[in-house]
Amino acid sequence: TKSISFIIALLTCLPCFAQLHIENCYQKAQANYPLIKQYGLIEKTKEYNLSNANKGYLPQVTFSAKATYQSEVTEIPVQMPGIETISKDQYSATIDVNQTIWDGGAIKSQKESVRTAAEVDKMNVEVSIYAINERVNQLYFGILLADAQINQNQLLQDELKRNYDQVQSYVQNGIANQADLDAIKVDQLKAKQNEAQFFSTKKAYVEMLSKLIGEELSENTEFVKPEPIRPIANEINRPELAFYDAQIKNLEAQNSQITSGLMPKLGLFVTGGYGKPGLNMLEPDFSPYYIGGIKLSWNIGNFYTKRNSRNKIQTSVSSIETQRETFLFNTALDVTQKDNNIDKYFDQLKYDDEIIALRNSVKRASEAKMANGTLSGTDLTRDINAEQMAIQDKILHETELLLAIYNLKFVTNN
């Protein structure tokens, strides 16, 4: 029983120390985004529209009924036995059944238009969802920066505590005075103040990222720091490009509908009725009847608007191509800017370690002078802060480099 309780307790604690990668955040944020439901709605709408289009192949049935009274009727000028005068009040009820044999490709082009329109809607949703990745970048690397600042702040507090204890012994031995001790105490309070700010910043970012990915993140969650590997930026794979392609395919489907509208239509028909009179106008009583045959129809009026309709579609295609070119142009500029930012941060990091080493050397010399009573506490804290500023600069440059790399990945989708 004890072993089982231990295992349960261990499994309960595991999520608290879980690792989280930025790629996982992308997937979870997209899956959690409310707009993701739109995919299912688009698919259902497409299925309904395709089903409606397929029903165009089924027989089309129409029921009609009418009652009329006419002022005159056809009369035979000769009186013939057994033949009555046609009644002026007439009645009929009919059922018409029409079966399409060939529609010139109208239903086929309509179904293709439905499919391409659904693809346009899906690609539009994908563009919106992809934009979440940029928000994930800002939050994730904001958390990494806050983590690094918290860790470095703790090292600073340890160092200030060590210096405070050292200077306190100097004061007791008459080498330093209370003002030197107070100078270090001020920096200790500032470090505590900064620590509170770093924790507050991290807490806010973690809460926002939790809401974005739809998963509760613990304070002990380890946010894995990715390697600073420059992405290949030779090709743009953004979903916007697929969105433009889908729009053009939809316009091509509409163009096919114009073509099918120019074709004749061939079909069979049957009309069954019951009326007074029937087909025999000389029979005055109610009687059933039917008519069947084959019908060819051709709406040549579509030829009048064919050119304008095609020109309108071509204008829309040209507009989309212009949007694509503009997008690629702006993206290329963005890639150049972010590529240069990566170079800038790599160059800055080349000097950070050397600057930190020199600042550390100056600080150690100041500590030695403080031990000899030739340096004030204020001057010592100035050199400690200078070293810390150099370390914080390196932390910032490392995080800015990673953010620049992942922003470039976002821009190119590579």
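1. Let's start with a term: helices are DSSP runs of H or I with at least four residues, numbered from the N terminus. In that numbering, Ala-404 belongs to helix 9. Keep in mind as you read that this is a predicted model. Is Ala-404 buried or exposed? Its relative accessibility is 8%, and because buried means under 20%, Ala-404 counts as buried. Leaving out residues up to four places away in sequence, Ala-404 touches Asn-341, Ile-342 and Tyr-345. For a sense of distance, try Ile-291: Ala-404 and Ile-291 are 113 residues apart in sequence, and their C-alpha atoms are 77 Å apart in space.

2. Next, have a look at the nonpolar interior. The largest nonpolar core has 51 residues. Which residues have the most contacts inside it? They are Val-136, Tyr-140, Leu-209 and Phe-223. Helix 2 (22-32), helix 4 (106-130), helix 5 (132-172), helix 6, helix 7 (239-261), helix 8 (302-372) and helix 9 (377-412) each give two or more residues to this core. There is also a second, separate core of 13 residues, with Tyr-170, Ala-176, Ala-191 and Leu-375 among them.

3. Phe-223 deserves a visit of its own. Setting aside neighbours within four places in sequence, Phe-223 is in contact with Leu-20, Tyr-140, Ile-143, Leu-144, Asp-147, Val-206, Leu-209 and Leu-217. Phe-223 also takes part in a cluster, linked by ring pairs, with Tyr-140, Phe-141 and Tyr-406. One member of that cluster, Tyr-406, has a charged partner as well: the charged end of Lys-409 sits over the ring of Tyr-406, 4.2 Å from its centre.

4. Staying with rings, how many aromatic pairs does a search of the whole structure find? The search finds nine. Take Phe-243 and Tyr-244 as an example: the ring centres are 6.1 Å apart and the planes meet at 40°, so this pair is tilted. Phe-243 counts as buried at 16% relative accessibility, and Tyr-244 is buried too, with a relative accessible area of 9%. Elsewhere, Tyr-164 has a charge over its ring: the charged end of Lys-185 lies 5.7 Å from the ring centre.

5. Now for the charges. Side chains of opposite charge can pair when their charged atoms come close. This structure holds 23 salt bridges. One of them joins Lys-363 to Glu-159, with the closest N and O atoms 2.2 Å apart. The partners come from distant parts of the chain, 204 residues apart, with Lys-363 in helix 8 and Glu-159 in helix 5. Lys-363 counts as buried at 6% relative accessibility, and Glu-159 counts as buried at 10%. The two also belong to a network of salt bridges that links them with Arg-162, Glu-367 and Glu-387.

6. Two further bridges make good practice. In helix 8, Lys-338 forms a salt bridge with Asp-334, and the closest N and O atoms of this pair are 2.8 Å apart. Why are these partners separated by about one helical turn? Because Lys-338 and Asp-334 are four residues apart in helix 8. Lys-338 is buried, with a relative accessible area of 15%, whereas Asp-334 is partly exposed at 24%. The other bridge joins Glu-240 to Arg-238, with the closest N and O atoms 2.9 Å apart. Both Glu-240 and Arg-238 are buried.

7. Here is a charge without a bridge. Asp-187, found in helix 6 (residues 178-213), is buried yet has no salt bridge. Which side chain of opposite charge is nearest to Asp-187? It is Lys-190, 4.6 Å away; a salt bridge needs the nitrogen and oxygen within 4 Å, so this pair is not counted as one. Apart from residues up to four places away in sequence, Asp-187 touches Leu-160, Thr-381 and Asn-385.

8. Finally, two backbone details to check. The peptide bond from Lys-276 to Pro-277 is cis, with omega near -5°. You can find Pro-277 in the loop between strand 5 (265-276) and strand 6 (287-297). The other residue is Asn-413, in the segment after helix 9. Its phi is near 55°, a positive value in a residue other than glycine. At 32% relative accessibility, Asn-413 counts as partly exposed.

Definitions and conventions. Residues are numbered from 1 along each chain as its sequence is written. This is a predicted model: local features need pLDDT of at least 70, side-chain atom pairs count only at pLDDT 80 or more; totals for chains, interfaces and linings use all residues. Side-chain values use heavy atoms; hydrogens and water are left out. Buried means under 20% relative accessible area, exposed over 50%, partly exposed in between (1.4 Å probe, protein chains only). Lys and Arg count as positive and Asp and Glu as negative; His and the chain ends are not counted. Contact means heavy atoms within 4.5 Å. A nonpolar core is a set of buried Ala, Val, Leu, Ile, Met, Phe, Trp, Tyr and Cys residues joined through side-chain atoms within 4.5 Å. Rings of Phe, Tyr and Trp (its six-membered ring) pair if their centres lie within 6.5 Å; planes under 30 degrees apart count as stacked, over 60 as edge-to-face and the rest as tilted. A charge sits over a ring if NZ of Lys or CZ of Arg is within 6 Å of the ring centre and within 35 degrees of the ring normal.
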